[in-house]
Amino acid sequence: MRIAVRVNGELHEGEVEPRTLLSDFIRHDVGLTGTKVGCEHGVCGACTVQLDGEPVRSCLMLAVQANGRSLRTIEGLAIDGEHPLQRAFHERHALQCGFCTAGFLMSLEPFVREHAEPSEAEIREALAGNLCRCTGYRGMVEAVGQAARELGDG
Amino acid sequence: MKPAPFDYAAPRSLDEALGLLGEDAKALAGGQSLVPLLNFRLARPELLVDINGLSELAGLERNDGLLRIGALTRQSALERSELVAAGWPLLTQAVRFVGHPQIRSRGTVGGSVAHADPAAELPVALAALDARFTAQSPRGRRTVGAGEFFIGPLTTALEPDELLVEIEVPAPYDRAGSAFVEHARTHGDFAIAGAAAVVARGEHAAIALMGAGPAPLRAPAAERALVEGAEPEEAAALAASAVEEGHRRALIAELVRSAIEEAAP
């Protein structure tokens, strides 16, 4: 099937089988490999991207379902240079191997936009849909708070 | 893993969708349960009927005191609805336990109901609220209550050619408070057990259990006891009495007790 998807503002057209997962379309057809594929059943959150602004698991959508829609991946997160979340993750040591990071950032971006002063409980709930298997979450909790405050001040 | 091959159709109207459904076809709504099953190849339909284009099936409205939930309403829309929070707070309380925000942004209320996972929160909350479920097929429309709709794990009264189109929820008893509680190993994980309660002590009670049987289960003996003035602990023991296994019985009793106390402190 022929599909046309806007990815980070740019139109991508492709020919896909109906069974092609959106995550595979992003990586193999569009060629953006920042989006990672972990469990492929919606548990780990590594493949999270934004569909029309809302975080979704790209392994739980078919590429054909994104036809005519707008996607944002990790490559489209920073408008110039570095998003405050990326900087905060760097400064607070909120990643180690980095495999889960893109999914975390795409999940958290709407959260830090909407919460200027989130409580630790709110941050932990916002993190709960993604799994990290190396650093743990302490640094991430700090990083999210820092990025939210920074965006709130702006 | 990747899904086995299937044909795909994205109908533009409900009639077109209903014409496509049948034995070897499967309706695709939010996909948060079906796509994992496809990825694991536990489900291998010949045809996927993607109903996401049927916007007439999405929406929340109040009509003659009833809440009408279109089957394609996203769980995130239910969660954010002020109409629902004001009139049917049990649904707002329950939907927050469904997966995570990334799941609720795609997952639908109708999908959760039609999939009928025994650990799903919305069927339990809807059972406590005496919701009714409307299915449509080329043969016509029919509406059934929760007791008839939920048959067992992943099994409902829906026939292969039927699509769940709407859920209607009567207004809860106006002096009742509500609560939804569950126990899961980690937040957002599938729960082991849970309880929904709508209670005005000495006047009205509705209690539904998750994890006490193969489908959402009402607890009529506990409900009667609460109306007659029983203490939460006593009612909770009645609610859990039919559960055979000891640990689960103790867990459900404790969940029901805390749901009653939270609903009607």
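**Exercise 1. The overall form of chain A**

What percentage of the 154 residues in chain A do buried residues make up? Describe the chain's build as well.

*Solution.* A word before we start: this is a predicted model.

Step 1. Take the buried share: 47% of the 154 residues in chain A are buried.

Step 2. List the elements. Chain A holds 5 helices and 5 strands, and along the sequence they come in the order β-β-α-β-β-β-α-α-α-α.

Step 3. Look at the dimensions. The C-alpha trace of chain A spans about 45 × 30 × 25 Å along its principal axes. A compact globule of 154 residues would have a radius of gyration near 15 Å, and chain A agrees because its own value is 15 Å.

Step 4. Check how far apart in sequence the touching residues are. Among contacts in chain A with a separation of 6 or more, 62% are between residues 24 or more positions apart.

**Exercise 2. Two loop residues of chain A**

Find A:Asn8 and A:Asp52, and decide for each whether it is buried, partly exposed or exposed.

*Solution.* Step 1. Place them. A:Asn8 sits in the loop between strand E1 (2–7) and strand E2 (10–15) of chain A. A:Asp52 is found in the loop between strand E3 (48–51) and E4 of chain A.

Step 2. Read the backbone angle. A:Asn8 is not a glycine, yet its phi is positive, about 50°. A:Asp52, also a residue other than glycine, has a positive phi near 45°.

Step 3. Count neighbours. A residue is exposed with 12 or fewer other C-beta atoms within 10 Å, and buried with 20 or more. A:Asn8 has 17 C-beta neighbours inside 10 Å, so A:Asn8 is partly exposed. A:Asp52 has 12 other C-beta atoms within 10 Å and is therefore exposed.

**Exercise 3. Where the chains meet**

How many residues does each chain bring to the contact?

*Solution.* Step 1. Chain A brings 21 residues and chain B brings 24 residues.

Step 2. On the side of chain A that touches chain B, strand E4 (residues 54–57) supplies the largest share, 4 residues.

Step 3. Sorted by class, that side of chain A has 9 nonpolar, 7 polar and 5 charged residues.

**Exercise 4. Inside chain B**

Which domains does chain B have, and where do they begin and end? Then explore some of its covered parts.

*Solution.* Step 1. The domain assignment gives domain 1 (7–50), domain 2 (59–169) and domain 3 (177–263) of chain B. The C-alpha centres of domain 1 and domain 3 of chain B are 35 Å apart.

Step 2. Turn to strand E11 (residues 177–183) of chain B, which is mostly covered, with 5 of its 7 residues buried. E11(B) runs antiparallel to strand E12 (residues 193–200) of chain B, and 7 bridges join them. In this pairing, B:Glu182 stands opposite B:Gly194.

Step 3. Now try helix H11 (residues 232–240) of chain B, where 7 of the 9 residues are buried. Among them are B:Pro232, B:Leu238 and B:Ala239. The buried residues of H11(B) pack against strand E13 (204–210), helix H10 (220–227) and H12 of chain B.

Step 4. Finish with the largest nonpolar core, which has 140 residues. B:Ala128, B:Ala239, B:Ile252 and B:Val256 touch the most other members. Helix H12 (residues 246–263) of chain B gives the most to this core, 8 residues. In soluble globular proteins, nonpolar side chains tend to be buried together.

Step 5. Follow one member outwards: leaving aside residues up to four places away in sequence, B:Ala128 touches residues including B:Leu90, B:Val198 and B:Ile207.

Note on methods. Residues are numbered from 1 along each chain as its sequence is written. Chains are lettered from A and ligands numbered from 1 in the order in which they are written. This is a predicted model: local features need pLDDT of at least 70, side-chain atom pairs count only at pLDDT 80 or more; totals for chains, interfaces and linings use all residues. Two residues are in contact if their C-beta atoms, placed from the backbone, lie within 7 Å. Helices (H or I, at least four residues) and strands (E, at least two) are DSSP runs, numbered from the N terminus. Ala, Val, Leu, Ile, Met, Phe, Trp, Tyr, Cys and Pro count as nonpolar, Asp, Glu, Lys and Arg as charged, and the others, Gly among them, as polar. Domain bounds come from an automatic or database domain assignment. A nonpolar core is a set of buried Ala, Val, Leu, Ile, Met, Phe, Trp, Tyr and Cys residues joined through C-beta atoms within 7 Å. The radius of gyration is taken over C-alpha atoms; the globule rule is 2.2 Å times the number of residues to the power 0.38. Two strands pair if DSSP finds at least two bridges between them.
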